[in-house]
Amino acid sequence: MGERFAPKVPVTLDAPKDDPISPEELAKCDGSDSSRPTLVAMKGIVFDVTKNPMYSATGSYKVFAGKDASRALAKSSLKPEDCVPEWYDLEDKEKTVLDEWYQFFSKRYNIVGKVEGAKNT
Ligand code: HEM
């Protein structure tokens, strides 16, 4: 991947964690509770996006917060009904878009765990 999708301002990341995070806990981390981080998951991998107000309760991308939004990211959709984990049946082009978002997030946000029960291969 090299410099592709690299942030303009360097980001120092923590070692990725693989703590299990239940879908219920993930849902609570939607930016509405200031005692919790704001999380976005894709392919079952959970990223901490707290630092970016775009995912906060008033942000343009709040629809992704507290969810595994794989399908929406793959389809370039902001519809709440697309913010679901299922991506396996998508077209190759859409799967590539999802992989690109994964690279983008990986370079910006700490991985804080895995969604319990997620299928991520
Ligand atoms: C009119 C259409 C859209 C406009 C004008 C727009 C604009 C933007 C802008 C200005 C950024 C910030 C880029 C940066 O930080 O350098 C951004 C980021 C982003 N956009 Fe959009 N966008 C649009 C549609 C969409 C759609 C349909 C999706 C659905 C997947 C989407 C998902 C995202 C995501 C995930 C980010 C990354 C935020 C981050 O974590 O930094 N956008 N967009």
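Biologist: In this predicted model, what makes Ser 22 count as exposed?

Modeller: Ser 22 has 12 other C-beta atoms within 10 Å, and a residue is called exposed if that count is 12 or fewer, so Ser 22 is exposed. Ser 22 is found in the loop between S1 and helix H1 (23-28), and its C-alpha is 8.1 Å from that of Gly 117, although 95 residues separate Ser 22 and Gly 117 in sequence.

Biologist: Why do strands S1 and S4 stand at the edges of the sheet?

Modeller: The open sheet has five strands in the order S1-S5-S3-S2-S4, with mixed pairing. Strand S1 (20-21) and strand S4 (67-68) each have a single partner strand, so one side of each is left without a neighbour in the sheet.

Biologist: How do you know that S2 pairs with S4 and with S3?

Modeller: Two strands pair if DSSP finds at least two bridges between them. Strand S2 (residues 39-42) has two bridges to S4, in the parallel sense, and four bridges to strand S3 (residues 45-48), which runs antiparallel to S2, so both pairs satisfy the criterion. Val 40 has Phe 47 as its bridge partner in S3 and Lys 67 as its bridge partner in S4, while Ala 41 is bridged to Asp 68 in S4.

Biologist: What makes five of the residues around the ligand nonpolar?

Modeller: The shell includes Met 54, Tyr 61, Ala 72, Leu 73 and Leu 78, and Met, Tyr, Ala and Leu count as nonpolar. Asn 52, Ser 76 and Ser 77 are also in the shell, which divides into five nonpolar, three polar and no charged residues.

Methods. Residues are numbered from 1 along each chain as its sequence is written. This is a predicted model: local features need pLDDT of at least 70, side-chain atom pairs count only at pLDDT 80 or more; totals for chains, interfaces and linings use all residues. A residue is near a molecule or strand if its C-beta atom, placed from the backbone, lies within 6 Å of it. A residue is buried if 20 or more other C-beta atoms lie within 10 Å of its own, exposed if 12 or fewer, and partly exposed in between; C-beta atoms are placed from the backbone.
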